[in-house]
Amino acid sequence: MFRIGVDVGGTNTDAVVMRGRGVLAALKVPTTPDVTDGLMAALAGVLAQAALAPSQVGLVVIGTTHFTNAVIERRHLAPTAVVRLCLPAAQCLQPMVDWPAELRAVVGEHAFLAEGGFEFDGTPISGFDDAHITRIGREIRDRGVRSIAICGIFSPINDAYEQRAAALLAEACPDAAITLSATMGPTGLLERENAAILNSALLPLARRTVSGLRAGLARCGLECPFFLSQNDGTLMPATQAERFPVLTFASGPTNSMRGAAFLSGHKDALVLDIGGTTTDVGLLQHGFPRQATTTVDIGGVRTNFRMPDVFSIGLGGGSIVAGAADAVTVGPTSVGYDIIRAARVFGGSVLTATDVAVAAGRAQVGEAGLLAGVDGALASAAMARIERMLELAVDRCRISAEPLPVIGVGGGSILLPERLGGVRVTRPEHFAVANAIGAAIAQTSGEVDRICALEGVTRESALAAAEAEARDRAVAAGAVAETLVVVEREDVPLAYLKGNATRVRVKVVGDLRI
Amino acid sequence: MRTLTESDIEALAIGAAILGTGGGGNPYIGKLHCLQELRGGARVELVGLDELADDAFVVSIGGIGAPAVSVEKLEEGREGYRAVRALEAYCGRKASALIAAEIGGGNSMAPIITAAQLGIPVVDGDGMGRAFPEMQMTTYSIYGHSSVPAALADERGNVVLFREVRSEQWFERLARANVVAMGGTAVGAEAPMSGRYVKRAAVPGTVSQAIALGHIVMAANRAHANPVASICAQERGRHLMDAKIVDLKRHLEGGFSVGTIRLDGIDRDGGTVADIVFQNEFLMFRRNGVVEVCVPDLVILLDADNGRAITTDVLRYGQRVAVIALPCHALLRTPEALAVVGPAAFGLEGVTYTPLAAVAPPPADHPNTPYR
């Protein structure tokens, strides 16, 4: 079976055709303002390169930063109502309290508080008032708002009232698109509520985008199942992406790291993704990016999405080399995507990291002859500086003294020396399209993240119950049960609370049943 | 006396997290709540201990419960107000000012929020000078003032009044059981004290200390500079080491997150190994197995990049941290205080408290000289 992976980035759309572990075709085309055109060009290109008929393709996976950019640029966001199920608690802060004013203005001031929260043990705070929710639904309808986010206190532990509110609101406001916060993430009311609001505000764009992608596939003759890659490196059906666009926010770096793992064969490694301006360094554990544990800021909004823990430095192929041999600097300013005109090896006048890598004989791109006037001492000082920057970045991400392999991907990875901090650097074949490969190989997952009271239950049995539920969820998402492996399994006790409550998190991944 | 500004509140959130020594809960929600009160037109005055009248009637206030619950079940908003009003009704006297039970972490915000609602000032001081896990660990209680009468309020409108308790430990035990019944969080107004007593027993100046710390970090962040040296200079503390977390063991014990962090030195500290024992807060720092700093002195982990405090609930392998130690106030170093908040009180057997010496301020012409 052939599978196609596509990464729709801000600048380039990359596509690969794979069969089993083999990469049969790979290509980069410019991303187009209308995502569909670039996608079609990429698809048609790789199909031609691999000499495949569309009917031979069994699966297409697309990773895109389209929805993230919409939030950052405040574009295409729909007015959204927020219904917080909380009363009498949580009146002290209104929804969107800490949002940038201009983003709040785009989404609109449509916040409603009602009964329907739970305590941490899943018992109701104050019950539920159907009539109140219905009144809110009518008010939302009368205001002409058609996107709704529902966020109930402790809904990650018990989502019954969020479900009930959704049914009542759908009745009062039949054409509304609704997001439940319980589907967004773990406890942390404001962060989870923010995620739900962003998701709802993106729903109309998600529908348009996904149907555009679907139409693009159809016009290329691809009628196979179609998935999008998620923040955690697993995939979700396009129909689900239409409902949960925020879950694609971090698919870019995640796909690069997953692709690096696949291409190099390492499951535990440090990955350096070197682009034109920056280098992202992340840690792979069991073939997946290690997740950040803190809140994540998206376009000025605090969320608690599980995102890869990536450390960035201002060093890339286009970084500008300045100063003299005894005090050289590299970056953080960069010629960026203008490198193909600005760099010395391409006939330009700016000395870049790529130029010194060519001068040092490390890379062969452009015209080495154009570097005749470059001071040799400056070039080698710059290379030493680059090596030191990369070494420090890699060291920051290590979690033990164990010498993990280092994998370099991305167009700028030509800067990499053969060894970093005493460890050999692997730069696998197809390193420039690692992100599209990461999309193509994505697996499917199931996750449970909740707070459990350990009254009369052992920690181990709470973890076992969570694992069983995570496996069920993965199978429901299309995984082959026999291929499921546990990639995360942890419990973090809750401080200051007697009664031994603990936060349990289990995640399993497995191959997609096709 | 001065009026607290929005910028003070931003700074207080950062500084109070640092003084939280890994615990005390995140001040983020409380900060937003404070800002909302100020933007709504409330004015809150910060008064120094020396400005308090001897016959002032000062109430200690703070949130009690699990920070993990308080970030999910946010407050109704007037819990503190109801608790203070109940206490006033019982005592037959209006509070003239509020004071924090605990400056470290989220509890730094509680007196400001309630003072804004009551229209009374906040005293520049607290009962810990840092964060501690239990309510009897305040200097108010250590120096002989009873925590009761006290009132606990939840978001529903329940208010529980404690009139008499057999001991401070009984108060802690009964209050905590109430908090669990209230769903994991509550606001408590306790220990109504005379101005005369507060002047003697409160750790002085800790609100402005936390605000100053926060301003140092904010200024360093704006300048893309590392604030660690400035923090140590300001507080006459010690920069113990720059390190990476290489092991983390933690488990739950009687409602506390208890564990050990193992650190490997980096950069100039390469080759040094150390560990930190914690019980919600960081209790003790050992270098190469030798105790260097322990409670009640402050052991603090800062993010190596931005100088922000790292709390015990977000510790993780591989984190790069600056470990610093700040001397606690003399009120926490007396025999009576050490019996309650010294190493033995936290079960650190065989550890003798040796006060951390305040570091001499750096030469005036080298304000940022790293010294250690």
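The exercises below work through a sheet, a helix and two sets of contacts in a predicted model.

**Exercise 1. The sheet of chain A**

Find the strand order of the open six-stranded sheet in chain A, and state which strands form its edges.

Solution.
Step 1. Reading across the sheet gives S3-S2-S1-S4-S9-S10, and the pairing is mixed.
Step 2. Strand S3 (22-30) and strand S10 (235-237) of chain A each pair on one side only, which makes them the edge strands.
Step 3. From one strand to the next the twist averages 25°.
Step 4. Within the sheet, strand S1 (residues 2-8) and strand S4 (residues 57-64) of chain A run parallel and are joined by seven bridges. One pair to locate is A:Ile4 with its bridge partner in S4(A), A:Val60.

**Exercise 2. Helices against the sheet**

Determine which strands helix H1 and helix H8 of chain A meet, and at what angles the helices run.

Solution.
Step 1. Helix H1 (residues 35-49) of chain A packs on the sheet and touches S1, strand S2 (12-19) and S3 of chain A. The direction of H1 makes about 145° with that of S3(A).
Step 2. Helix H8 (residues 251-264) of chain A lies across S1, S4 and strand S9 (226-229) of chain A. Relative to S4(A), helix H8 runs at about 125°.

**Exercise 3. Helix H2 of chain B**

Compare the span of helix H2 of chain B with the expected value, then list its buried residues and what covers them.

Solution.
Step 1. H2(B) covers residues 28-39, twelve residues in total. From first C-alpha to last, the helix reaches 16 Å, close to the 16 Å expected at 1.5 Å a residue.
Step 2. Buried in this helix are B:Ile29, B:Gly30, B:Lys31, B:Leu32, B:His33, B:Cys34, B:Glu37 and B:Leu38.
Step 3. The cover over these buried residues includes helix H1 (6-19), helix H3 (67-70) and helix H5 (110-118) of chain B.
Step 4. After H2(B) comes B:Gly41, with a positive phi near 110°.

**Exercise 4. Contacts between chains and between domains**

Describe the contact of chain A with chain B, and that of domain 1 with domain 2 in chain A.

Solution.
Step 1. Chain A contributes 34 residues to the contact between the chains and chain B contributes 36 residues. The chain A side comprises 18 nonpolar, eleven polar and five charged residues.
Step 2. Domain 1 (80-202) and domain 2 (266-428) of chain A come from the domain assignment, which also gives domain 3 (443-510). The C-alpha centres of domains 1 and 2 of chain A are 43 Å apart.
Step 3. In chain A, 13 residues of domain 1 are in contact with nine residues of domain 2. Helix H6 (residues 189-219) of chain A gives the most to the domain 1 side, six residues.
Step 4. By class, that domain 1 side has seven nonpolar, three polar and three charged residues.

Note on methods. Residues numbered from 1 in each chain as written. Chains lettered and ligands numbered in written order. Predicted model: local features only at pLDDT ≥ 70, side-chain atom pairs only at ≥ 80, totals over all residues. Helix = DSSP H or I, 4+ residues; strand = E, 2+ residues; numbered from the N terminus. Expected span 1.5 Å × (residues − 1). Buried ≥ 20, exposed ≤ 12 C-beta atoms within 10 Å, placed from the backbone. Contact = placed C-beta atoms within 7 Å. Pairing = 2+ DSSP bridges. Axes fitted to C-alpha atoms, helices over the stretch in contact; angles between N-to-C directions. Nonpolar A, V, L, I, M, F, W, Y, C, P; charged D, E, K, R; others polar. Domains from an automatic or database assignment.
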